[in-house]
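User: I have this protein open and would like to go through a few spots in it with you. Could you take my questions one by one?

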Amino acid sequence: MSTDKDASTGKEAQESPEPRVGPAPDGDPRFRPYRHPAAGWGAAKSVTRFLVEERALVDGPRAIMRMNHEDGGFDCPGCAWPDDTKGLHLDICENGIKHVTWEMTPKRVGREFFAAHSVTELYGWSDHDLENQGRLTEPMVYDADSDHYVPISWKDAFALVGSTLRGLDNPNRAAYYTSGRLGNEATFLYQLMARELGTNNLPDCSNMCHEASGRALQASLGTGKGTVDLKDWESADALFILGVNAASNAPRMLTALADADRRGAQIVHVNPLVEAAATRTIVPHDFTDMALFRTTRTSTLNLQPRIGGDMALLRGMAKAVLEKSASDPRALDHTFIDRHTAGFEEYRALCEATPWEELEHQSGLSRAAILKAAQVYEEADRSIVSWCLGLTQHEHGVDTVREIVNLLLLRGNIGREGAGPSPVRGHSNVQGNRTCGIDHRPTEEFLDRLAATCGIDPPRAHGLDTVGTIRAMRDGEVKVFVGMGGNFALAAPDTPATYAALRSCDLTVQVSTKLNRSHVVHGRTALILPCLGRTEKDHQRGGVQSTSVEDSMSMVHLSVGMKRPASPHLLSEPAIVAGMARAALPDSRTPWDWYIEDYDRIRDTMAEALDGFEDFNRRVRLPLGFRIRQPARELVFLTPSGRAEFSAAPLPDVVPEPGTLALGTMRSHDQWNTTVYSDNDRYRGVSNLRTLIFMNRADMRERGIADMGPVDITSTAKDGSRRFLNGYTAVPYDIPRGCAAGYMPEMNVLCALGDYSTQSDQPIMKHVRITVVPGT
């Protein structure tokens, strides 16, 4: 149950009960601390059980042998961790196998299913049950009179989209959302369609995840991406992993961590929760270790700052390095600083003026702990700092990522082997989406090149991001929402506000593989357009097509499906984009049909339009593809000064007010983004429970809350409005005092639409201000 309080009236409005997320529990909720290695036999057992449940004992193993292979394989539709560079034949993980098997299910959702179930009925189903019905098989349109989805031909579906878009009085009345699963070729066509229509309203999942990383790296280094590749990970002396639950979010990182430990590298994990990946592992494709149950460490030091305290830790490390340089000049790389940076003296003065007491207070760590991390950094010749949403989904996310760069610059850890910044992207092609034009704030250089290559006059005004799109839909300014993949209704913040916004639209269009919440929270008219999955063969006039993706370290490679499509009525994502574009732009000179006949033609155009994609078709067919050039890696900094820029941002106050807690939302292990496979979270020891909140036991005792006792949670937004989740279960956990954690998307309701970072415009889902009291 959720409510929110209108800030203007002060009245609390009760929402209708939200459907439960996750499958029906198969037993009583249980919590037992997890004390086993990450991956290993636990992962093997989980995968086997999942293959059996999904009836994929033949297709599953076959897919495993083709996933992430350069010789005609398909790219895992899960995370964006790079493919192995050493020819590994099983470059896979538990969550990747689950993700692929979930897509390859033999279950089908066709017209008979929709005829049997109204949308009102489906809205009451759990999100697990919606997706678990199987693959969508044909286009459907919502019929308001019957409250059912009914079949519609592709021709009529495209005509409906086209006529609605042409009927808008302003092209900015439409928004075009993208999830990270969309391939580069479809991405390029999608942004081309939107800009030819006249809008830069291109919100994407990056607006909710790594927007802060891109803005910070652009400001500091002149590039919106990390500078390292997987070979750098293999040669670094020290790895600092901040705000990352690698065992669930990027499980193949475990291989890199285990390799680092074996060669004697230092591995420092920084996270309020000590996750399974920060302890030890058995890498499943290491058959000797599996047979002998032999574990490998994945960390040499674990630090647990308070939520939001990472910036204070990083500044403390920098302060320690600067203090050390007074007695040992080698602690700093003076030559690098003098030749390649700007703003060093101002930053030095800022660090010197920040007292240790304040750094301890804000980080939640002792001076001794900060100095220990600093010592690891000082003694390493080559250091990589890697991070994920634990750093970005905060008000000060941009400043924190810039503080990472500050620390790296002090010792010249940019532009050389084994060193640099390395953001961990979540979805498989989220970085490629941005590279190929999904950007509501495009640069003039990008638009000029697009105009010259494609012969269009793209709009120059910035468009709407995710939060802006929700507000505009709610206020009636955006009338059409098109979603390419993902589950926008659940992924976005402030669930009631997002639902209301989608329902205010004249038309919502969802391009999807499986049924999800965004199909039953829809506009007055709604279309479901089913597309091919990453595992399926894409037959076009020119033969079986390949698509490309970009991983989180800027490697671009091809992906080719292996299976027969789930239905003969499915279209590829590029073909769906082209169909909508033809209908919406009848006078367009863009050769949409010609592009779809052979995706090499799209790539030839991309080679002209996109910086770094020159000779695209040849280079993408090289072993492992090609890496997009990163100027900062070559010590070319495309900043106003032409140098890497130190940041001198003030330290934020992240200490919770008395009686309140800082809440960070996160995934469970048996979950990928908004897709929930079960109510279990093996790595955190939870069974049959998702409506929970992890708390420090002392915080629980202070509030009179029993272990596994019921609690009610209230969040207070910046504007003073409140949101509630009642009947949750408090789980005692090793987390700093004043901090709490729980699962998204259930807890997204607590993050108000107005609670977004003024630095990045990201919803601050990792720093929600809450109070918790015993429930009834």
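User: What phi does Gly-364 take, just after α17?

Analyst: This is a predicted model, and in it Gly-364, placed just after α17, takes a positive phi of about 80 degrees.

User: And which residues of α17 are buried?

Analyst: Helix α17 covers residues 356–363, and its buried residues are Trp-356, Leu-359, Gln-362 and Ser-363. Looking down the axis of α17, one finds these buried residues within an arc of 135 degrees, so they line one face of the helix.

User: What do the buried residues of α17 pack against?

Analyst: They pack against two helices, α14 (310–325) and α18 (367–379).

User: Changing topic, how many disulfides are there?

Analyst: The count comes to zero disulfides. A disulfide needs two cysteine sulfur atoms within 2.5 Å, and for Cys-388 the closest cysteine sulfur, in Cys-209, is 7.8 Å away, which is too far for a bond.

User: What about Cys-531, how far is the closest cysteine sulfur there?

Analyst: For Cys-531 the closest cysteine sulfur belongs to Cys-205 and is 15 Å away, so that pair is also too far for a bond.

User: Are those two, Cys-388 and Cys-531, buried or exposed?

Analyst: Cys-388 counts as buried, with 7% relative accessibility, and Cys-531 counts as buried too, with 1%.

User: OK, now Asp-465. Where is it?

Analyst: Asp-465 sits in the loop between α22 (444–454) and α23 (466–474), and it is buried, since its relative accessible area is 10%, where the cut-off for buried is under 20%.

User: Which residues does Asp-465 touch?

Analyst: Leaving aside residues up to four places away in sequence, Asp-465 touches Pro-203, Asn-207, His-440 and Asp-761. In addition, a polar atom of the Asp-465 side chain lies 2.8 Å from the backbone nitrogen of Gly-468.

User: How far is Asp-465 from Val-560?

Analyst: Their C-alpha atoms are separated by 31 Å, and along the chain Asp-465 and Val-560 are 95 residues apart.

User: Last topic: in what order do β23, β24 and β25 come in their sheet?

Analyst: The order is β23-β24-β25, in an open sheet of three strands with antiparallel pairing. The edge strands, each pairing on one side only, are β23 (547–550) and β25 (626–627).

User: And how many bridges join β24 and β25?

Analyst: Two bridges join β24 (residues 555–559) to β25 in the antiparallel sense, and the bridge partner of Val-556 in β25 is Phe-626.

User: Which helix lies across β23 and β24?

Analyst: That is helix α8 (residues 184–197), which runs at about 90 degrees to β23.

Conventions
Residues numbered from 1 in each chain as written. Predicted model: local features only at pLDDT ≥ 70, side-chain atom pairs only at ≥ 80, totals over all residues. Heavy atoms only, no water. Buried < 20%, exposed > 50% of the residue type's maximum accessible area, 1.4 Å probe, protein only. Helix = DSSP H or I, 4+ residues; strand = E, 2+ residues; numbered from the N terminus. Arc of directions from axis to C-beta. Contact = heavy atoms within 4.5 Å. Polar contact = N/O pair within 3.5 Å; in protein donor to acceptor, adjacent residues only side chain to side chain. Pairing = 2+ DSSP bridges. Axes fitted to C-alpha atoms, helices over the stretch in contact; angles between N-to-C directions.
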